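I opened a new notebook page for this chain. My plan was to look things up one at a time and write down what I found.

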Amino acid sequence: ALPILAEQTEQPAPVTERHPVVIAGGGPTGMMLAAELKLAGVDALIIERRADQHLDGSRSGGLHPRTIEVLDQRGVAERFTGAGQAGQMFGYGQMMFGTADLSTRYSHVLALWQSEFEQIMAAWVAELGVTTRRSCAVVGLTQDDDGVTVAVEQNGEPREIRCRWLVGADGGRSTVRQACGLSFDGY
């Protein structure tokens with residue numbers, strides 16, 4: 001069994017929901033996984049600590065050609081391309097790369113701040129019928145042979161959600177990663 005991060009009380013919170021998959025983190029990675037699972041007929045619940053898609057500070061500044069291709073395969077690329085601005089160069093480290101010679105109909109990068117493309121993606125995921133619990137934080141987990149019990153806190157109330165699979169898409173300071181004892185080396 002994995003350790004639980006929050007102190008366990010004598011009375012555990014009641015299991016209020018059951019889902020095959022719970023995704024901790026409602027950013028781009030968590031939302032894309034939830035969309036893929038829903039399209040494959042698998043119920044997934046997103047747990048997101050933020051109340052909405054608002055981001056403090058800037059994060060990603062755009063989408064690369066392969067990302068746009070994947071969104072196109074799902075029929076939603078135009079939602080993103082219509083909101084951004086195409087460019088032929090992108091930087092990585094201190095080097096610049098061109099995209100004009102790529103063999104794809106999306107041979108450009110798309111300048112679109114993460115705060116903008118998260119809103120587009122959140123609307124798409126909601127249209128698919130994926131449930132997102134906002135203002136809800138994963139505070140711990142326990143694992144057994146049959147799955148995972150996820151301890152969450154939503155609006156100050158402890159709850160437990162039972163699932164077969166828990167996915168940690170909750171960032172560099174991931175509660176899920178820490179509970180599993182996985183290090184995060186680097187910055």
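My entries follow, grouped by topic.

**Entry 1: the whole chain.** I noted at the outset that this is a predicted model. I looked up the overall make-up of the chain. I found five helices and 11 strands. The C-alpha trace spans about 60 × 35 × 30 Å along its principal axes. The chain has 187 residues, and 37% of them are buried.

**Entry 2: an open sheet.** In what order do the three strands of the open sheet stand? I read the order as 3-7-4, with antiparallel pairing. Strand 3 (62-63) and strand 4 (85-87) are at the edges. Each has a single partner strand, so one side of each lacks a neighbour in the sheet. I then checked how strand 4 meets strand 7, which covers residues 109-111. The two run antiparallel and are joined by three bridges. For one position across this pairing, I wrote down that Q85 is opposite A111 of strand 7. I added a general reminder: strands of a sheet pair through backbone hydrogen bonds, parallel or antiparallel.

**Entry 3: a hairpin.** I moved on to strand 5 (residues 89-92) and strand 6 (residues 95-98). They pair in the antiparallel sense, and I noted four bridges. M89 has G98 in strand 6 as its bridge partner. How many residues lie between strand 5 and strand 6 in the hairpin? There are two. I looked at the turn and found G93 there, with a positive phi of about 65°.

**Entry 4: cysteines.** I searched for disulfides and found zero. For C136, the nearest cysteine sulfur is that of C163, 12 Å away, and C136 is in no disulfide. A disulfide requires the two sulfur atoms to be within 2.5 Å, so this separation does not qualify. C163 is also in no disulfide. For C163, the nearest cysteine sulfur belongs to C180, at 11 Å. Are C136 and C163 buried or exposed? C136 counts as buried because its relative accessibility is 2%, under the cut-off of 20%. C163 comes to 3%, so C163 counts as buried too.

**Entry 5: rings and charges.** I looked for aromatic pairs, and the count was zero. Which charged end sits over the ring of W165? I found that of R164 there, 5.5 Å from the ring centre.

**Entry 6: the largest pocket.** I looked up the largest pocket and recorded about 520 Å³ of space in it. The lining has 23 residues. Those closest to the pocket centre are E48, R49, A169, D170 and G171. Which elements supply at least two residues of the lining each? I listed helix 1 (28-39), helix 4 (114-128) and strand 9 (136-144). Strand 9 gives the most, with three residues.

**Entry 7: L166.** I ended with one residue of strand 11, which runs over residues 157-168: L166. Its relative accessibility is 18%, so L166 counts as buried. The cut-off here is under 20%. I also checked L166 against D56, which is 110 residues apart from it along the chain. Their C-alpha atoms are separated by 26 Å.

Key:
Residues are numbered from 1 along each chain as its sequence is written. This is a predicted model: local features need pLDDT of at least 70, side-chain atom pairs count only at pLDDT 80 or more; totals for chains, interfaces and linings use all residues. Side-chain values use heavy atoms; hydrogens and water are left out. Two strands pair if DSSP finds at least two bridges between them. Rings of Phe, Tyr and Trp (its six-membered ring) pair if their centres lie within 6.5 Å; planes under 30 degrees apart count as stacked, over 60 as edge-to-face and the rest as tilted. A charge sits over a ring if NZ of Lys or CZ of Arg is within 6 Å of the ring centre and within 35 degrees of the ring normal. Buried means under 20% relative accessible area, exposed over 50%, partly exposed in between (1.4 Å probe, protein chains only). On a 1 Å grid over the protein atoms alone, a cavity is a set of points where a 1.4 Å probe fits but cannot get out, and a pocket is an open set with protein on both sides within 12 Å along at least five of seven lines; lining residues have an atom within 4 Å of a point. Grid points are joined across faces, edges and corners, and a volume is the space filled by probe spheres set on the points.
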